[in-house]
Amino acid sequence: MKKVEAIIRKSKWSEVKNALHDVGVTFITYWDVTGVGNEKQGHIYRGITYKTSDIQRRLLSFVCSEEFLDPSIQAVLKAAYTGEVGDGKLFVSDINSAYRIRTGEKDEQSLK
């Protein structure tokens with residue numbers, strides 16, 4: 001089992017969510033986050049541009065079996081892509097165990 005975490009533009013959330021559902025990822029956790037990166041956003045208020053290094057993004061997380069890993073990664077990479085600086089990052093980690101609290105199912109069975 002693998003845990004996939006991606007930091008994406010908020011504007012790409014619907015596309016990423018739909019792409020993941022299309023490849024069979026049915027449970028996704030997400031948070032609105034703020035970070036500092038290479039992208040420099042500016043805000044314009046009454047004709048004056050204010051520069052800020054704080055960038056609003058969405059962090060999503062899900063756990064999947066090995067068979068869903070590559071399709072899931074490709075779905076996120078394709079749906080989140082704009083070609084501009086600040087498209088985001090994707091991280092993959094190993095998961096040792098997973099349990100479904102309600103039934104006590106373990107590992108792969110807990111993901112179904």
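**Overall fold, residue environments and the largest pocket**

Among contacts in the protein chain between residues at least 6 apart in sequence, 68% join residues at least 24 apart. The model examined here is a predicted one. Two helices and four strands make up its secondary structure, and, read from the N terminus, these elements follow the order β-α-β-β-α-β. Of the 112 residues in the protein chain, 29% are buried.

A good place to begin is strand β1, which covers residues 2–8 and shows an alternating pattern of side chains. Lys-2, Val-4, Ala-6 and Ile-8 point to one face and are buried, whereas Lys-3, Glu-5 and Ile-7 point to the other face and are not buried. The partner of β1 described here is strand β4 (residues 88–94), to which β1 is joined by seven bridges in an antiparallel arrangement. Within this pairing, Glu-5 has Phe-91 of β4 as its bridge partner.

Ahead of β1 comes the segment that holds Met-1. With a relative accessible area of 12%, Met-1 falls under the 20% limit and therefore counts as buried. Leaving out residues up to four places away in sequence, Met-1 touches a long list of residues, which includes Val-63, Cys-64 and Glu-66, the run of Ser-93, Asp-94, Ile-95, Asn-96, Ser-97 and Ala-98, and also Asp-107, Glu-108 and Leu-111. Met-1 can also be placed relative to Phe-68: the two are 67 residues apart in sequence, with 9.4 Å between their C-alpha atoms.

One of the residues touched by Met-1 is Asp-107, which is located in the segment after β4. Beyond its neighbours within four places in sequence, Asp-107 is in contact with Met-1, Asn-96, Ser-97 and Ala-98. Asn-96, Ser-97 and Ala-98 are likewise among the residues that Met-1 touches. The relative accessible area of Asp-107 is 23%, so this residue is classed as partly exposed. The backbone here deserves a second look. Most residues other than glycine have a negative phi. Asp-107, although not a glycine, has a positive phi of about 55°. Asp-107 also lies 9.1 Å from Ser-65, C-alpha to C-alpha, with their positions 42 residues apart in sequence.

Helix α2 offers another view of the chain through Val-76, which is found in this helix. Val-76 is buried, because its relative accessibility is 3% and the limit for a buried residue is 20%. Not counting residues up to four places away in sequence, the residues touched by Val-76 are Ala-6, Val-16, Leu-20 and Leu-90. Among these, Ala-6 is one of the buried side chains of β1. A further residue of that buried face, Ile-8, has its C-alpha atom 8.9 Å from that of Val-76, although the two are 68 residues apart along the chain.

Turning to aromatic side chains, the count of aromatic pairs comes to one. The ring centres of Trp-13 and Tyr-30 are 4.5 Å apart and the ring planes meet at 40°, so the pair is described as tilted. This pair links distant parts of the chain, with Trp-13 in helix α1 (residues 13–22) and Tyr-30 in strand β2 (residues 29–45), 17 residues apart. The two partners sit in contrasting surroundings: Trp-13 is buried at a relative accessible area of 8%, while Tyr-30 is partly exposed at 42%.

Finally, the surface of the model can be considered through its largest pocket, which has a volume of about 440 Å³. The lining consists of 17 residues, and those closest to the pocket centre are Thr-26, Val-63, Cys-64, Leu-111 and Lys-112. Two elements, β3 (48–64) and α2 (66–80), each give two or more residues to this lining. The greatest share comes from β3, with four residues. By character, the lining residues divide into seven nonpolar, five polar and five charged. Val-63, Cys-64 and Leu-111 bring the description back to the N terminus, since they are also among the residues that Met-1 touches.

How values were computed:
Residues numbered from 1 in each chain as written. Predicted model: local features only at pLDDT ≥ 70, side-chain atom pairs only at ≥ 80, totals over all residues. Heavy atoms only, no water. 1 Å grid on protein atoms, 1.4 Å probe; cavity = no way out; pocket = protein on both sides within 12 Å on 5 of 7 lines; lining within 4 Å. Points joined across faces, edges and corners; volume = space filled by probe spheres on them. Nonpolar A, V, L, I, M, F, W, Y, C, P; charged D, E, K, R; others polar. Phe/Tyr/Trp six-rings, centres within 6.5 Å; stacked < 30°, edge-to-face > 60°. Buried < 20%, exposed > 50% of the residue type's maximum accessible area, 1.4 Å probe, protein only. Pairing = 2+ DSSP bridges. Contact = heavy atoms within 4.5 Å.
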